[in-house]
Amino acid sequence: MKTLQQQLGNYGLYHRSKRNVLTHFFGIPLIVYAVLCLLARINLPVADHVINGAHVFVLATVIYYLLLNVSLGLIMAVILVVMSIAAAPIASLSFTSWLAVSIGVFIFGWVLQFIGHYFEGKKPAFVDDLIGLIIGPLFVLVEALFLLGLYKQLEQQITDIAGPTKP
């Protein structure tokens, strides 16, 4: 398994334009939220309880993030749990409304992504490595933390791999 620095550095190679990163601050959370809305409608009976597909997705994703970095994994766990709670009302809508909202948010999120990659002049990272679909949300989190002056060593390690950001 690649290290946190390798994963974020590789993802960073496709995201050096500040305009691209900005579109990702909005696009990626919208995509993740839409996926959680879609998955929250899938009910899975487990013993005397019912869990949904969003719970399974959050658990699997958080385990992966925790393996990469405990503190970032815990932050992502909080974010994803809150997002899955926020997805529940959408999942409880009528079938047509649930699908329209979820797919609409999903498409809007991807439109923002592709606008960002137009600015970047590069294809999205997942085209070359599907793990980019899971690393994207973590990348947005660390970019936000970098803006707050946190995780400076990690920021330098990503810059060493991907190069400096540009306007």
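Which residues does Gln 7 touch, not counting residues up to four places away in sequence? Point 1 takes this up. The notes below follow the model helix by helix, then turn to the loops and the surface.

1. **Gln 7 and its neighbours.** This is a predicted model. Gln 7 sits in helix α1. Leaving out residues up to four places away in sequence, Gln 7 touches Lys 2, Tyr 64, Leu 68, Ile 131 and Ile 135. Take Ile 131 from that list. Gln 7 and Ile 131 are 124 residues apart along the chain, yet their C-alpha atoms are separated by 8.5 Å. Gln 7 has a relative accessible area of 6%. The cut-off for buried is under 20%, so Gln 7 counts as buried.

2. **Val 58.** Now look at helix α3, where Val 58 has its place. Val 58 is buried too, with a relative accessible area of 8%. Its contacts are Leu 36, Leu 80, Val 81 and Ser 84, again not counting residues up to four places away in sequence. For a sense of distance, compare Leu 4. Val 58 and Leu 4 are 54 residues apart along the chain, and their C-alpha atoms are separated by 19 Å.

3. **Helix α4: length.** Helix α4 covers residues 70-91, which makes 22 residues. From first C-alpha to last, α4 reaches 30 Å. The expected value at 1.5 Å a residue is 32 Å, so the two are close.

4. **Helix α4: two sides.** Which residues of α4 are buried? They are Leu 72, Gly 73, Met 76, Ala 77, Leu 80, Met 83, Ser 84, Ala 87, Ile 90 and Ala 91. Seen down the axis of α4, these buried residues fall within an arc of 150°, so they line one face of the helix. The face turned away from the buried side carries the exposed residues Val 78, Val 82 and Ile 85. Check this by looking down the helix axis.

5. **Helix α4: partners.** The buried residues of α4 pack against α1, α2, α3, α5, α6 and α7. Two of the contacts of Val 58, Leu 80 and Ser 84, are among the buried residues of α4. This ties point 2 to α4.

6. **Helix α6: an enclosed helix.** Twelve of the 16 residues of α6 are buried, so α6 is largely enclosed by the rest of the structure. Among them are Gly 132, Ile 135, Gly 136, Pro 137, Phe 139 and Glu 143. Ile 135 also appears among the contacts of Gln 7. The buried residues of α6 pack against α1, α2, α3, α4 and α7. The length fits as well: at 1.5 Å a residue α6 should span 22 Å, and its end C-alpha atoms are 21 Å apart, which agrees.

7. **After α6.** Gly 149 follows α6, and its phi is positive, near 85°. Tyr 151 is found in the loop between α6 and α7. Its phi is near 55°, a positive value in a residue other than glycine. Most residues other than glycine have a negative phi. Tyr 151 is partly exposed, at 28% relative accessible area.

8. **Ala 47.** Where does Ala 47 lie? Ala 47 is in the loop between β1 (43-46) and β2 (49-52). Its phi is also positive, near 55°. With a relative accessible area of 77%, Ala 47 is exposed.

9. **One salt bridge.** How many salt bridges does the structure hold? The structure holds one. Side chains of opposite charge can pair when their charged atoms come close. Here Glu 155 pairs with Lys 152, and the closest N and O atoms are 3.3 Å apart. Both residues lie in helix α7, three residues apart, about one turn of the helix. Glu 155 is partly exposed at 25% relative accessibility. Lys 152 is partly exposed at 49%.

10. **A nonpolar patch.** Finish on the surface. Ile 103, Ile 107, Val 111, Ile 115, Tyr 118 and Phe 119 make a nonpolar surface patch of about 570 Å². Phe 119 is found in helix α5, which covers residues 95-120. Phe 119 is partly exposed, with a relative accessible area of 33%.

Notes: Residues numbered from 1 in each chain as written. Predicted model: local features only at pLDDT ≥ 70, side-chain atom pairs only at ≥ 80, totals over all residues. Heavy atoms only, no water. Patch = residues over 30% accessible without salt bridge, like charges linked within 9 Å, V, L, I, M, F, W, Y side chains within 5 Å. Areas by Shrake-Rupley, 256 points an atom, 1.4 Å probe, with all protein chains shown as cover. Salt bridge = Lys/Arg side-chain N within 4 Å of Asp/Glu carboxyl O. Helix = DSSP H or I, 4+ residues; strand = E, 2+ residues; numbered from the N terminus. Buried < 20%, exposed > 50% of the residue type's maximum accessible area, 1.4 Å probe, protein only. Arc of directions from axis to C-beta. Contact = heavy atoms within 4.5 Å.
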